[in-house]
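Please look over the sequence and the model below before reading on. The text then goes through them step by step.

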Amino acid sequence: MLPCWPKTLSCPLANGYGFAPQNTFRRTQMDSGAARQRRTSLRNGKVINVSWLFSQEQLSVFESFFLHELFSGAAWFLSPLGNGH
């Protein structure tokens, strides 16, 4: 189960953000013939670039979440967006 964004922190707003879906398959070129494709995931993650302004207290909550729940940013997480998605 993916970690969830802390409820004590605000959601990013939809104004001006963009997201890029990640591939759920890998392609391998073969020495001869067509390339081989294989599914790597059933979930389609998205990379979203956002920014926040945190108070000192919120920054402490975020840093703890980043370090302990996301393993210093190595893990994916779930977060609602300010536009309801």
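What follows moves from the chain as a whole to its cysteines and then to a short stretch after the helix.

The model is predicted. Its secondary structure amounts to 1 helix and 4 strands. Followed along the sequence, these elements give the pattern β-β-β-β-α, so a reader tracing the chain from its start passes the strands before reaching the helix.

The chain has 85 residues, and buried residues make up 11% of them. Its exposed surface comes to about 7,000 Å², of which carbon and sulfur atoms supply 53%. As for contacts, take those in the chain with a separation of 6 or more: residues 24 or more positions apart account for 66% of these.

Cys4 gives one example of how distant parts of the sequence are placed relative to one another. This residue lies in the segment before strand E1, which spans residues 18-21. Leu70 is 66 residues away from Cys4 in sequence, yet the two C-alpha atoms are 9.8 Å apart in space. Which residues does Cys4 contact, once its neighbours within four places in sequence are set aside? They are Phe65 and Leu78. Phe65 falls within helix H1, given that the helix runs over residues 56-69.

Is Cys4 buried, exposed or partly exposed? Its relative accessibility is 49%, and because the exposed class begins over 50%, Cys4 counts as partly exposed. Cys11 has a relative accessibility of 31%. That value lies between the cut-offs of 20% and 50%, so Cys11 is also classed as partly exposed.

With cysteines in view, the next point is how they are bonded. A disulfide is a covalent bond between the sulfur atoms of two cysteines. How many disulfides does a search of the whole structure find? The count is 0. In this search a disulfide requires a pair of cysteine sulfur atoms within 2.5 Å, so no pair in the model meets that cut-off.

The last stop is the segment after helix H1, where Phe71 and Ser72 are found. Phe71 has a phi near 50°, which is a positive value in a residue other than glycine. Ser72 likewise has a positive phi, near 60°, and is not a glycine either.

The two residues fall into separate accessibility classes. Phe71 has a relative accessible area of 59%, which is over 50%, and is therefore exposed. Ser72, at 46% relative accessibility, does not pass that cut-off and so counts as partly exposed.

Technical notes:
Residues are numbered from 1 along each chain as its sequence is written. This is a predicted model: local features need pLDDT of at least 70, side-chain atom pairs count only at pLDDT 80 or more; totals for chains, interfaces and linings use all residues. Side-chain values use heavy atoms; hydrogens and water are left out. Helices (H or I, at least four residues) and strands (E, at least two) are DSSP runs, numbered from the N terminus. Buried means under 20% relative accessible area, exposed over 50%, partly exposed in between (1.4 Å probe, protein chains only). Contact means heavy atoms within 4.5 Å. Accessible areas come from the Shrake-Rupley method with a 1.4 Å probe; for residues, only the protein chains shown count as cover.
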